[in-house]
Amino acid sequence: SFELSVMALVVAYFAPFTLPVRDATAVELIAYYVLINIGVACLTSVKAWKILNQIAFLITAIVGGIYALIHGYTAEKSQISVLVWAHAAIFIWLGFRSSQLSIQLDTADRPRKNLLDLALIFATPLTAYGFLYLIHFNERIWQATFSLIFAVIFALCWQWTRRSQRLNMLAQSYLSLMLIFIAFIPPILLEGEWSVIGWAVEGLLIYVWALEKHLKVAHYLAMA
């Protein structure tokens with residue numbers, strides 16, 4: 001049942017902290033959480049149990065994130081970065097699949113469920129990027145590269161979902177994320193007044209593109 005699944009999930013996340021010897025490295029704990037989240041993805045890809053996705057994301061981000069920041073070592077940052085990308089991939093998929101199931105079920109409380117989907121869709125990449133940014137602090141090339149990778153991922157997702165009218169909300173969300181990650185790049189790579197100029201030019205280009213394509217989301221983001 002759903003209640004038993006929630007209990008089992010919470011127990012699984014906190015099990016490492018109940019062991020007599022609690023000396024797991026940051027890499028080991030985050031890798032363990034990857035395995036749990038793969039299990040969650042398998043379950044909620046079939047059943048529309050959105051709350052499980054939210055619980056999994058929150059515990060992974062808060063508990064796993066804090067543990068990694070406290071116990072992680074510089075020598076492990078490459079491994080931790082790979083694991084962060086693994087978690088991002090899992091939850092990006094869950095955001096998409098959860099939205100897809102909501103459309104198929106067509107339940108009366110869809111607005112509330114759409115809000116949960118949007119929270120996961122936006123929180124996943126932004127949180128993952130936040131951790132990657134901290135892991136590679138003062139490494140501008142890596143920070144800009146990660147932002148570009150996310151932008152490309154959501155550009156592809158947008159191109160794919162925009163073909164379906166039923167996935168319009170999802171397509172608009174992916175478009176917003178693509179533009180957000182593109183907007184991160186100039187201030188990362190440029191310094192001082194050049195950063196401001198870069199943002200202004202970027203905003204102008206996005207605005208012109210939005211007018212040409214008649215995209216309200218891009219229009220609002222360019223104005224922001």
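**A helical chain, from Y33 outwards**

Apart from neighbours up to four places away in sequence, Y33 makes contact with Y13, F17, I59, T60, V63, G64 and H87. The model examined here is a predicted one, and Y33 is a handy place to start looking around in it. This tyrosine sits in helix 2. With a relative accessible area of 0%, Y33 falls under the 20% cut-off and is therefore buried. One of its contacts, G64, is 31 residues away along the chain, yet the C-alpha atoms of Y33 and G64 are just 7.7 Å apart.

Stepping back to the whole chain, the model has nine helices and zero strands. Read from the N terminus, the order of elements is simply α-α-α-α-α-α-α-α-α. The chain has 224 residues, and 43% of them count as buried. Among contacts with a separation of 6 or more, 72% link residues that are 24 or more positions apart.

Helix 1 is worth a closer look. It covers residues 2-14, which makes 13 residues. At 1.5 Å a residue, a helix of that length should span 18 Å, and the end C-alpha atoms turn out to be 19 Å apart, so the two values agree. What about the sides of this helix? Its buried residues are S5, V6, L9 and Y13. Looking down the axis of helix 1, these buried residues fall within an arc of 100 degrees, so they line one face of the helix. On the face turned away from that buried side are the exposed residues E3, L4, M7 and V11.

Which helices do the buried residues of helix 1 pack against? The partners are helix 2 (26-44) and helix 3 (50-71). For the pairing with helix 3, the angle is about 10 degrees and the axes are 11 Å apart. An angle under 35 degrees counts as roughly parallel, so helix 1 and helix 3 fit that description. From helix 1, the residues taking part are F2, S5, V6, L9, V10, Y13 and F14. Helix 3 meets them with I51, L52, I55, A56, I59, T60 and V63. Some of these names have come up before: Y13, I59, T60 and V63 are among the contacts of Y33.

After helix 1 comes a loop leading to helix 2, and R22 lies in it. Is R22 buried or exposed? Its relative accessible area is 55%, and since exposed means over 50%, R22 counts as exposed. Leaving out residues up to four places away in sequence, R22 touches P16 and F17. F17 is also one of the residues in contact with Y33.

Further along the chain, helix 5 takes in residues 110-135, T124 among them. T124 has a relative accessibility of 3%, which means it counts as buried. Its side chain reaches the backbone oxygen of L120 at 2.8 Å. Beyond the neighbours within four places in sequence, T124 is in contact with F57, A88, F91 and I92. Helix 5 also holds L134. At 45% relative accessibility, L134 lies between the 20% and 50% cut-offs, so it counts as partly exposed. L134 and L69 are 65 residues apart in sequence, while their C-alpha atoms are 8.8 Å apart in space.

Definitions and conventions
Residues numbered from 1 in each chain as written. Predicted model: local features only at pLDDT ≥ 70, side-chain atom pairs only at ≥ 80, totals over all residues. Heavy atoms only, no water. Helix = DSSP H or I, 4+ residues; strand = E, 2+ residues; numbered from the N terminus. Buried < 20%, exposed > 50% of the residue type's maximum accessible area, 1.4 Å probe, protein only. Polar contact = N/O pair within 3.5 Å; in protein donor to acceptor, adjacent residues only side chain to side chain. Contact = heavy atoms within 4.5 Å. Expected span 1.5 Å × (residues − 1). Arc of directions from axis to C-beta. Axes fitted to C-alpha atoms, helices over the stretch in contact; angles between N-to-C directions. Parallel < 35°, antiparallel > 145°, perpendicular 65-115°, else oblique.
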